[in-house]
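Student: I have just opened a new structure and would like to learn how to read it. Could we go through it together?

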Amino acid sequence: MYEYELEKYANDILESENFQSTKAYIQHGNMSVQEHCINVAKTSLYIRDKFKIRCSTNDLVRGALLHDYFLYDWHKNDKVNPHRLHGFFHPARALQNARKEYSLTAIQIDIITKHMWPLTMIPPMCREAWIVTTADKYCSLMETLYIQRGDIQKNRLRRKKVSAN
Ligand SMILES: [Fe+2]
Ligand SMILES: [Fe+2]
C-alpha cells in the first residue's frame with residue numbers, strides 16, 4: 001500500500017546510493033533505517049487519509065523518507081562520535097546530509113528538524129511535520145516491541161526454516 005505515491009514523489013531518493021546504504025544500519029529492533037523510513041512515509045500517508053488532512057504529498061513523502069538521513073550506525077561508537085546524544089542531534093545531521101543531495105522545501109526542513117519533538121523543544125510548524133512526528137513515534141514503538149518486523153529478521157527466520165528442512 002502507498003508504493004505508488006512513494007515512487008511517484010520520491011523515486012530519486014528511493015533509488016539513490018546513500019538511501020540504499022541505510023539498509024545496513026539498524027534503527028529499532030531488527031528494522032533497518034531504510035525500512036523504518038519507508039514505514040514512516042507509508043504511515044504518514046495513512047494518517048493523511050484516515051483524518052482527511054489536506055497537505056502537500058510531495059513534502060510529506062520526501063520529508064518522511066529523509067527524516068532519519070543521518071547515515072551512520074547509532075548503536076556503534078566511532079572515533080568521531082560516541083552517538084550518546086543521538087536522539088537530540090540526529091535531526092540536524094539528517095538535514096545536513098539531505099541538503100547536500102536535494103533541494104529541500106521549508107516544509108521538508110520542518111519535518112526533518114522537528115520529527116523528534118518534544119526533544120527538539122520547538123514544535124512542528126506545519127501539518128506535514130505533525131503527521132511525520134506522529135507516524136515516527138508510532139512506527140518506532142511498533143519496531144521496538146518487535147510488533148513490526150524488519151527484513152533482517154524475516155530473512156533470518158527464512159534461513160532457519162530452510163536449514164531445518
Ligand atoms: Fe529520528
Ligand atoms: Fe525515525
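Here are some questions and answers about this model.

Tutor: A note before we begin: this is a predicted model, in which local features need pLDDT of at least 70, side-chain atom pairs count only at pLDDT 80 or more, and totals for chains, interfaces and linings use all residues. Residues are numbered from 1 along each chain as its sequence is written, while chains are lettered from A and ligands numbered from 1 in the order in which they are written.

Student: How many helices and strands are there in the protein chain?

Tutor: Helices (H or I, at least four residues) and strands (E, at least two) are DSSP runs, numbered from the N terminus. Along the sequence the pattern reads α-α-β-β-α-α-α-α-α-α. The count is 8 helices and 2 strands.

Student: What percentage of the residues of the protein chain count as buried?

Tutor: A residue is buried if 20 or more other C-beta atoms lie within 10 Å of its own, exposed if 12 or fewer, and partly exposed in between, with C-beta atoms placed from the backbone. Applied to the 165 residues of the protein chain, this gives a buried share of 36%.

Student: Which helices do the buried residues of α4 pack against?

Tutor: Helix α4 covers residues 57-66, and 8 of its 10 residues are buried. Among them are Leu60, Val61 and Leu65. Contact here means that the C-beta atoms of two residues, placed from the backbone, lie within 7 Å. The partners are α1 (3-15), α3 (33-50), α5 (86-101), α6 (106-114) and α7 (127-144).

Student: Is Thr57 buried or partly exposed?

Tutor: Thr57 is found in helix α4, and its contacts, leaving out residues up to four places away in sequence, are Glu5 and Tyr9. Because Thr57 has 14 other C-beta atoms within 10 Å, the label is partly exposed.

Student: At what angle do the axes of α5 and α6 cross?

Tutor: Axes are lines fitted to C-alpha atoms, for helices over the stretch in contact, and angles run from 0 to 180 degrees between N-to-C directions. In this pair, Pro91, Ala94, Leu95 and Ala98 in α5 meet Ile109, Ile112 and Thr113 in α6. The two axes come within 7 Å, and the crossing angle is roughly 145 degrees.

Student: Are α6 and α7 roughly parallel or roughly antiparallel to each other?

Tutor: The axes of α6 and α7 come within 8 Å and cross at roughly 30 degrees. Angles under 35 degrees count as roughly parallel, over 145 as roughly antiparallel, 65 to 115 as roughly perpendicular and the rest as oblique. So α6 and α7 are roughly parallel.

Student: Which residues in α7 do Ile107, Asp110, Ile111 and Lys114 in α6 meet?

Tutor: Both helices supply residues to this contact, with Ile107, Asp110, Ile111 and Lys114 coming from α6. On the other side, the residues in α7 are Glu128, Ala129, Val132 and Thr133.

Student: What span should the 18 residues of α7 have?

Tutor: The expected span of a helix is 1.5 Å times one less than its number of residues. In α7 the end C-alpha atoms are 26 Å apart, which agrees with the expected value of 26 Å.

Student: How far apart in space are Ala92 and Tyr69, C-alpha to C-alpha?

Tutor: Ala92 has its place in helix α5, and it is partly exposed, with 13 other C-beta atoms within 10 Å. In sequence Ala92 and Tyr69 are 23 residues apart, and in space their C-alpha distance is 9.6 Å.
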